[in-house]
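Reader: I am new to this structure and would be grateful for a close look at a single part of it. Could you take one chain, go through its backbone and its domains, and then place it beside its partner?

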Amino acid sequence: MKKKPKLFAAIDVGSYELSMKIYEIAGGKEWKQIDYIRHRIDLGTESYSRGILSYERMEELCHILREFKGIMDSYRVDDYKAYGTSAVRELKNTMIVLDQIRTQTGLDIEVLSNSEQRYLDYKSVASAGYGFEEIIEKGTVILDIGGGSIQLSLFDKDTLITTQNIRLGVFRLKDQLNEIGAKPSHTVSLLEEMINDQLSVFKKLHVKDREIHNIIVVDDYVSTTLCKYREKDSNPAGYLSRNTFEKLMEEKFMKEMTGSVIISSQLIKCTMETLGAGYLWAPGVTLCDGIAYDYAVNNKLISAKHDFEQDIAACAKNISNRYQGSRKRGEALEKLAISIFDATKKLHGLGKRERLFLRIAAILQDCGRYVSLTQVGECSYHIVMNTEIIGLSHAERGMVANIVKFNHEEFTYYNELANSTAIDRDEYLIIAKLTAILRLACALDSSHKQKFTNVKVSLEDNNLILRVDTDKNIELEKGLFDSKVKFFEEVYNVQPVLKQKRRI
Amino acid sequence: MAANKTTKVGLNLRNPDYYLNRELSWLSFDERILGEAKDKTIPLFERLKFLSIVSSNLDEFYMVRVASLKDMVDAGYTKKDIAGMTPKQQLAAISVRTHELVASQYSTYNRTLIPALTEVGLTVVRSHEELTEKEGAFVDEYFEENIYPVLTPMAVDSSRPFPLIRNKSLNIGALVKRKGDKKTETEFATVQVPGVLNRVVPIPCESGKKIIFLEEVIERNISKLFLNYDIICASPFRIMRNADLSIDEDEAEDLLKEIEKQVKRRQWGKAIRLEVQDSIPKKLLKILTEELQIEDEDIFKIDGTVDLTVFMKVYGLEGFEEHKNGKFNPIPVSDINPEEDIFASIRKKDILMHHPYESFEPVVNFIKEAAKDEDVLAIKQTLYRVSGNSPIIAALAEAAENGKQVSVLVELKARFDEENNIVWARKLEKAGCHVIYGLVGLKTHSKITLVVRREEDGIRRYVHLATGNYNDATAKLYTDLGLFTCNEAIGEDATAVFNMLSGYSEPEGWNKLSLAPLWMKDKFLALIKRETEYAVNGEEGRIIAKMNSLCDQDIIMALYEASNAGVKIDLIVRGICCLKVGIPGLSENITVHSIVGNFLEHSRIYYFRNGGNEEYYLSSADWMPRNLERRVEILFPVEAPDLTARLWHILDCELKDNLKAYFLMPDGTYSKIDRRGKVIFGSQDAFCEEAKEKFKASVKDVKNTRVFVPETKPSEG
């Protein structure tokens, strides 16, 4: 018999709107939205300007969340996830607010960093399924329009090239228009000026001479309307040519004098024009869809078609590329580190997510070279800390940055580290374990010449045997090996042994 | 204001000459009802009922429409209506027409109905002076035992102010003089005819039945109420007050309490009509006129019994069955299998119900079963007018007690049902339902119920949408249509409707439903325009629309344009119709039918030919500005071919009706068709017959299946 479908609620505590979607996840690929509740609430204004929420706002927030909880209960949902985005994130007293919400409503709200949020938005697009893989084969930009900012993610040949945050959110633009005191008749031309200026920078820095074919739109304002149009039967719903979109915009959206719709469609129009995209796809998804998709995949309720980890790794590679890191060395290190990680699972007990951190750290381990050859660790750390890596939370990025740093510098122990950063115990241990592996991998490539194309790693008694298969001279590696692997011994209490298998 | 639109031949569509005033059109409707009271082919007691409805309709008309026009005049508002009349002009015209209507009503009453009643054995003693001595003694005893204890006589003198005369109550006014004091002035005294007692007092008699009205008995005994006074004269009177509630919803902190307060205040509204017997002494009338500050044109001098709504009670008297229409029993809905739960029947197919020919029971059962069903998660419903002791309310309360999430929107602003609805709202809240008292600035008139069920293969939503109220009592008297469906697209929309009613944002798109006041009107205008375009392109354009009232100017203009383009338009409008038919170059292709039958026509059906891809819609909304702009209404499509065939049949029969249908004439009057040489056809009768046949057939089916089929030896051939 078929399993009874699971009911899941996704809550998005957005800057200008609270929304909740209820999903029915039947397993396989079947899942559908069965309810969508939205309530306008302006958390953004108070959060961005004062950093705290007023009593009344807090009351309203809790009141609505209590109602959401009631609706969830009435559906008897099996599980839920609730996330706060930028307005919650930018509060000075986030913890206090979240605790109050927990005691007053019984809801646990987690805070998403911008990169996590955008990653979920991106997942929501992929979750729309139909056509995503085909669309991103050609040059494509995902335009994710939020209240405070927009996120542009550039794809080429189904690989994520870069993702950038630009402060052109709908409400930010609206506020700016209000400040200027723009007349309705001037709105459009003013918007164009405000938007195009920043978009052209993005184009110059990141798109360069790539040909952009499609724009994928994620927003709360027009895409849900757009997604109902189907230009040709062979196209997915919401896949429109620029002409059709501009016609629709003129006929429909511009008449609707609600500002958000106009601003959002103007953003889409400008992006298409600046990047020269001929087509647009509005799958009509929101953050809630990403939350549900992520939940369903993580809980193995549905299987993901798209490899999202590959996107994160690709993103890291592009960062490395920007700082002129050697692609070959990065790839070799990544491979070595992963071999060691996989062989020592019993020792470190870490999972898939940590494996990803290691990959990214390996890719980015010397990006600081771009700035200074003597302070590679410190500079790499700062670059990582200040570069958005889609799909990583702030805390996760911090771990990666530390791993990168300690790959070059002396390891700082917990007491000292905890004094200067927000690293907790668990994170600290992950950093230590992954640093040890990365250092060992680097030891195998001291010459930076990728002498070992094939390393077999195995755990035998108290030794980690690294069998390298090469005819090259590995004097340098061998010589430096012992000193470089001390930290590994310290962390795992296992002795790495390098064995060379020569081909005769 | 939109620019003036003109037709091909240059007619200005906004020309007031092309419209009828809505109040006068409404009075035409009341005149049509009176026409039924006059119709000799109708059983006598049914005619009494129509006579009574004329009165109750007029009461409401005064309390609401006349009151609001008077408010406009008082506020110095002079804007003209679509027929080009100022409020003052409208009031003047109304006064003339209502006086004529009432005169005609009483002439029917006195000259035709009373003698006819006597003929069939019911004697109505219209004045206590006509009682025999024996009968007099009987009623006097009745007075002392039953009436006297509940009376509150009030005299007016310098120390006691003029008392509050309650809205719509019947009273007896008297001029009295203190006994033994020849010098003093006469004083005014009054007593309310108690509403708690039956106004119809039967008098024993040898053959047939005899009745007298309560006020006559009181008048006869009035001296017993004012023992220290001599009664100079006494006469019944009745007043009507301004009953329009004015509530500042933004200011009102607790709408429930505010409405309660206002309902009480309704008793104090300005008097706007005074009904007295024409025999009332001048002096008594003068006192009433002065104290109540009533204008001459608002005084109705009546030849006979004041307040004929009492004949609804007379109708209820036992016996005289041969003078009443046989009671029609609604038949069970054939698509609902009583052997299984109602949800299973709905899963099989969409179910259309035509009340009162078909039973309203399934709607009540729908809620009842949902309340008990283990898989039901939530029940959501809008309630506008519910019956006394409503089984639906009881079922909702039970559901909440069973742990279902029950959300109910109780429209507290439903006129004249406010008090009633407050009681229900409280009861539901107590049971644990989530009660919404309507929306600020809007009346929620839509009729929708959503039941969310968690089934084996996931969430399934069952929706009931209807043209009429969730009122099991009126469902036996009003013709309405209801649809059960578990169509996913409609289910999604229904969820969105309730989210909106709970104060959440509107979804960006709707699948099937159109909502007023958001964009139902645009939808209607677009549908009408589409037919116009078909006609312009040489194709057939066709609109049939059935509703209670038509007075929205934008819609009428669109209909004029459509007619002008060659669209054939048949309208079945029971009540107000501001559109004019037969204006050359404007509305030659439009007909307006008005069916006034035994059942109150209440369903709203909208048909558009759409170049052959016919579309049928049902709605809670009329084509009135208040429906389209100030109320929450739902328009829903009916798509299943077997159901649209039924809707077509209903419209077709109603257009064929030549028994109960009146036709709007180019001069704005209504008249029945000349039936000579024609087959007489009444749509309501036809629907009743069809229902009976259908029921018989279904019973036969069951019997047939129970015939044993014996196995026999195959015949050798």
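Author: What follows is a walk through chain B, from its backbone to its domains, its core and its contact with chain A.

The model is a predicted one, and everything below should be read with that in mind. The domain assignment divides chain B into domain 1 (16–323), domain 2 (342–510) and domain 3 (516–699), and these bounds give a convenient order for the details.

We can begin with two residues that have positive phi values. Q293(B), which is not a glycine, has a phi of about 50°, and it sits in the loop between helix 7 (282–292) and strand 9 (299–302) of chain B. Further along, D307(B) is another residue other than glycine with a positive phi, in this case near 70°, and its place is the loop between strand 9 and helix 8 (311–315) of chain B. Are these residues buried or exposed? Q293(B) is exposed, because 8 other C-beta atoms lie within 10 Å, whereas D307(B) counts as buried because it has 21 C-beta neighbours inside 10 Å.

Two cis peptide bonds come next. One of them runs from H355(B) to P356(B), with omega near -5°, and P356(B) belongs to the loop between strand 10 (351–355) and helix 10 (361–372) of chain B. Another joins A516(B) and P517(B), with omega about 0°, and P517(B) is found in the loop between strand 18 (514–516) and helix 14 (520–536) of chain B.

Turning to the domains themselves, the C-alpha centres of domain 2 and domain 3 of chain B are 27 Å apart. Across the boundary, 26 residues of domain 2 of chain B are in contact with 27 residues of domain 3 of chain B. On the domain 2 side, the elements that give two or more residues are strand 10, strand 14 (443–444), strand 15 (447–455) and strand 17 (478–485) of chain B, and strand 17 of chain B supplies the largest share, five residues. Sorted by class, this side of domain 2 of chain B has 12 nonpolar, seven polar and seven charged residues.

In soluble globular proteins, nonpolar side chains tend to be buried together. Here the largest nonpolar core has 348 residues, and those touching the most other members are A361(A), A441(A), L396(B) and L550(B). Helix 2 (residues 44–74) of chain B gives the largest share of this core, 14 residues. Leaving out residues up to four places away in sequence, L550(B) touches I556(B), L571(B), V573(B), I576(B), C577(B), C578(B), L579(B), D622(B) and W623(B). Apart from this core lies another, of five residues, among them I331(B), Y357(B), C688(B) and A691(B).

Finally, chain B can be placed beside its partner, for 15 residues of chain B are in contact with 18 residues of chain A. On the chain A side, two or more residues come from each of strand 2 (17–27), strand 3 (30–40), helix 2 (55–75) and helix 9 (223–226) of chain A, and strand 3 of chain A gives the most, with seven residues. The residues on this side of chain A divide into six nonpolar, four polar and eight charged.

Notes
Residues are numbered from 1 along each chain as its sequence is written. Chains are lettered from A and ligands numbered from 1 in the order in which they are written. This is a predicted model: local features need pLDDT of at least 70, side-chain atom pairs count only at pLDDT 80 or more; totals for chains, interfaces and linings use all residues. Helices (H or I, at least four residues) and strands (E, at least two) are DSSP runs, numbered from the N terminus. A residue is buried if 20 or more other C-beta atoms lie within 10 Å of its own, exposed if 12 or fewer, and partly exposed in between; C-beta atoms are placed from the backbone. Domain bounds come from an automatic or database domain assignment. Two residues are in contact if their C-beta atoms, placed from the backbone, lie within 7 Å. Ala, Val, Leu, Ile, Met, Phe, Trp, Tyr, Cys and Pro count as nonpolar, Asp, Glu, Lys and Arg as charged, and the others, Gly among them, as polar. A nonpolar core is a set of buried Ala, Val, Leu, Ile, Met, Phe, Trp, Tyr and Cys residues joined through C-beta atoms within 7 Å.
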